[in-house]
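Open the model in your viewer and keep the selection box handy. We will go from stop to stop, and at each one you will hear what to select and what is there.

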Amino acid sequence: MSEGHAIFVATDADDSPVAYALIEPDDHLDHLYNRPDHTRRGLATQLLARAEIYAQAHGVERIYTEASDLARPAFERAGYVVTNKREFTIANEGRDVPIHNWAMEKRLR
């Protein structure tokens, strides 16, 4: 937080964190996470909406992210559009494994 990151947290009835979103000072939405037992409850949608309100209040014109295949529909429902499919490899046990994600953005103005 001291570096200008903003984090939004959803909690359950016991006030335990179950989902969160983190936006960086450069308008990059770096994290959107739901605990597996709290998916399909609208939490991602609510967190993305809250991040958007925060960004607009701070004069942000565009939020961008990289979404997995699993997260992409939540971002699309929130109005994000795909700008690029990113293909790359990660090292796993001494070998390169090909993966991809989706560069996405949402214009706020």
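Begin by selecting strand β2: five of its seven residues are buried, so this strand is largely enclosed by the rest of the structure. Keep in mind as you look around that this is a predicted model.

**The whole chain**

Now zoom out and colour by secondary structure. You should find two helices and six strands, and reading along the sequence gives the pattern β-β-β-α-β-α-β-β. The C-alpha atoms fill a box of roughly 40 × 35 × 30 Å along the principal axes. Of the 109 residues, 34% count as buried. Contacts between residues at least 6 apart in sequence include many long-range ones: 47% of them join residues at least 24 apart.

**The three-stranded sheet**

Return to β2 and add its partners to the selection. The three strands make an open sheet in the order β1-β2-β3, with antiparallel pairing. At the edges are β1 (6-11) and β3 (29-34), each of which pairs on one side only. On average, neighbouring strands here are turned by 15 degrees against each other, direction ignored.

How many bridges hold β1 and β2 in their antiparallel pairing? There are six bridges between β1 and β2. To see where two residues of this pairing face each other, select Thr-11, which stands opposite Pro-17 in β2. On the other side, five bridges join β2 (residues 17-23) to β3, again antiparallel. Select Leu-22 there, and its bridge partner in β3 is His-31.

**Turns with an unusual backbone angle**

Next, follow the chain round the hairpins. Most residues other than glycine have a negative phi. Select Asp-15, which sits in the loop between β1 and β2: it is not a glycine, yet its phi is positive, at about 65 degrees. That hairpin has five residues between its strands. With a relative accessibility of 57%, Asp-15 counts as exposed.

Move on to the hairpin of β2 and β3, which has five residues between the strands; here Asp-27 takes a positive phi near 75 degrees. Then jump to the loop between β5 (81-92) and β6, where you will find Glu-93. Glu-93 has a positive phi of about 50 degrees although it is not a glycine. Is Glu-93 buried or exposed? Its relative accessibility is 80%, so Glu-93 counts as exposed.

**The helix across the sheet**

Select residues 43-57 to bring up helix α1, which lies across β1, β2 and β3 and runs at about 150 degrees to β1.

Now show the aromatic side chains; a search of the whole structure finds three aromatic pairs. One of them is formed by Phe-8 and Tyr-54, whose ring centres are 5.6 Å apart with the planes at 65 degrees, so this pair is edge-to-face. Phe-8 belongs to β1 and Tyr-54 to α1, so the pair ties together parts that are 46 residues apart in sequence. Phe-8 is buried, at 9% relative accessibility, whereas Tyr-54 is partly exposed, at 26%.

Another edge-to-face pair is that of Phe-75 and Tyr-80, with 5.0 Å from centre to centre and 80 degrees between the planes. Phe-75 is buried, with a relative accessible area of 2%, and Tyr-80 is buried too, at 4%.

**Into the core**

Keep Phe-75 and Tyr-80 selected, and add Leu-29 and Ile-63. Among the 23 residues in the largest nonpolar core, these four touch the most other members. In soluble globular proteins, nonpolar side chains tend to be buried together. Which elements supply at least two residues each to this core? They are β1, β2, α1, β4 (62-67) and β6 (95-107). The largest share, five residues, comes from α1.

Centre the view on Phe-75 and show its contacts. Leaving out residues up to four places away in sequence, Phe-75 touches Leu-29, Leu-32, Leu-48, Thr-65, Ala-67, Tyr-80 and Met-104.

**Last stop**

Finally, select Arg-72 and Trp-102. Arg-72 lies over the face of Trp-102, at 4.2 Å from the ring centre.

Key:
Residues numbered from 1 in each chain as written. Predicted model: local features only at pLDDT ≥ 70, side-chain atom pairs only at ≥ 80, totals over all residues. Heavy atoms only, no water. Pairing = 2+ DSSP bridges. Helix = DSSP H or I, 4+ residues; strand = E, 2+ residues; numbered from the N terminus. Axes fitted to C-alpha atoms, helices over the stretch in contact; angles between N-to-C directions. Contact = heavy atoms within 4.5 Å. Phe/Tyr/Trp six-rings, centres within 6.5 Å; stacked < 30°, edge-to-face > 60°. Buried < 20%, exposed > 50% of the residue type's maximum accessible area, 1.4 Å probe, protein only. Lys NZ or Arg CZ within 6 Å of the ring centre and 35° of its normal. Core = buried A, V, L, I, M, F, W, Y, C linked by side-chain atoms within 4.5 Å.
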